[in-house]
Every structure is written in structure tokens, then in C-alpha cells.
Amino acid sequence: MKNITCPPASKLAVELNLDEDTASRIRAKIKAGYRVEPGTHWSHAATAWMEEISKLGDFSGVESLYPEFPHIMYCNAGDSYVSTLIFNHQTEQVRIGCIGDILERLRPCSAQY
């Protein structure tokens with residue numbers, strides 16, 4: 001199991017518009033981490049773990065930023081600019097953020113006008 005860091009349940013509740021009980025269950029699931037079975041890639045275990053978190057929070061599944069940023073996955077909130085749970089495998093952290101804001105920072109606009 002990985003020792004995953006994450007915000008307190010009170011912050012999860014406020015920023016993700018969850019009741020305290022749901023936020024506490026999500027935090028417990030995050031803190032429990034995931035186990036990578038021998039011979040499997042970490043992303044398979046992490047995706048299954050994030051899917052369980054997604055269901056608890058009534059999100060719309062899990063997405064990743066593969067292939068550009070294969071170490072980042074997040075719960076799909078249905079809108080890129082709505083707060084969601086974002087997991088970074090490299091730092092072993094789950095944080096709250098808007099995936100749209102993050103993508104704007106990571107992918108500078110290259111459109112020609």
C-alpha cells in the first residue's frame with residue numbers, strides 16, 4: 001500500500017460540496033492507498049482505487065493525462081473547471097483542483113489567431 005497524502009475531510013467537504021460523512025469515507029479510502037500486485041503496472045491498481053473514490057464522491061469516473069502526463073489521474077467532475085480530486089503518482093498526493101486550470105498551466109496555448 002502507498003501512503004497517500006490528501007486534504008482533511010473538512011476541506012474535501014467544503015471544496016467538493018460533499019457531506020461530512022462522504023468526505024470522511026473518501027479521505028479514508030485515499031489514505032488506505034492502493035496495492036500494486038507483482039507483475040502489474042501501478043496505473044492499473046491506481047485506476048481501480050480512484051474508481052472506488054469516484055463512486056463514493058458521485059463523480060463520472062476516472063481520467064488520466066496520458067500520454068503527456070501519465071503520472072496524473074483525476075475524478076471526472078463533468079466540467080474541467082469544477083473542483084475535483086487529482087492524484088499525482090510521482091508525489092503520492094491527492095489534492096483538490098480544477099483540471100482545466102492545471103492543463104492551461106501545463107499546456108501553453110499554441111493556437112494561432
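Here are legends for a few close-up views of this predicted model.

**View 1. Helix 2 and helix 3 side by side.** Two packed helices are described by the angle between their axes and the distance between the axes. Here, helix 2 covers residues 20-32 and helix 3 covers residues 42-56. Their axes come within 9 Å and cross at roughly 175 degrees. Angles over 145 degrees count as roughly antiparallel, so that's the label for helix 2 and helix 3. On the helix 2 side, look for Thr22, Arg25, Ile26, Lys29 and Ile30. Helix 3 answers with Trp49, Glu52, Ile53 and Leu56. Sorted by class, the residues of this contact between helix 2 and helix 3 come out as five nonpolar, three charged and one polar.

**View 2. The largest pocket and its lining.** The space in here is about 180 Å³. Around it you'll find Phe69, His71, Ile72, Ile86, Phe87, Asn88, Thr91, Gln93, Arg95, Ile102, Arg105 and Leu106. Four elements each give two or more residues to that lining: strand 2 (69-75), strand 3 (84-88), strand 4 (93-97) and helix 4 (99-106). As for the mix, the lining has six nonpolar residues, four polar ones and two charged ones.

**View 3. Tyr34 and Phe87, an aromatic pair.** The count of aromatic pairs comes to three, and this is a look at the one formed by Tyr34 and Phe87. The ring centres sit 5.9 Å apart and the ring planes are at 85 degrees, so the pair is edge-to-face. Tyr34 belongs to the loop between helix 2 and helix 3, while Phe87 is in strand 3. That's a link between distant parts of the chain, 53 residues apart. Phe87 also turns up in the lining of the largest pocket.

**View 4. Unusual backbone spots at Pro67 and Asn17.** Most residues other than glycine have a negative phi, and most peptide bonds are trans. Tyr66 and Pro67, though, are joined by a cis peptide bond, with omega about 10 degrees. Pro67 lies in the loop between strand 1 (62-65) and strand 2. Then there's Asn17, in the loop between helix 1 (9-16) and helix 2. Asn17 isn't a glycine, yet its phi is positive, at about 55 degrees.

Notes. Residues numbered from 1 in each chain as written. Predicted model: local features only at pLDDT ≥ 70, side-chain atom pairs only at ≥ 80, totals over all residues. Heavy atoms only, no water. 1 Å grid on protein atoms, 1.4 Å probe; cavity = no way out; pocket = protein on both sides within 12 Å on 5 of 7 lines; lining within 4 Å. Points joined across faces, edges and corners; volume = space filled by probe spheres on them. Nonpolar A, V, L, I, M, F, W, Y, C, P; charged D, E, K, R; others polar. Axes fitted to C-alpha atoms, helices over the stretch in contact; angles between N-to-C directions. Parallel < 35°, antiparallel > 145°, perpendicular 65-115°, else oblique. Contact = heavy atoms within 4.5 Å. Phe/Tyr/Trp six-rings, centres within 6.5 Å; stacked < 30°, edge-to-face > 60°.
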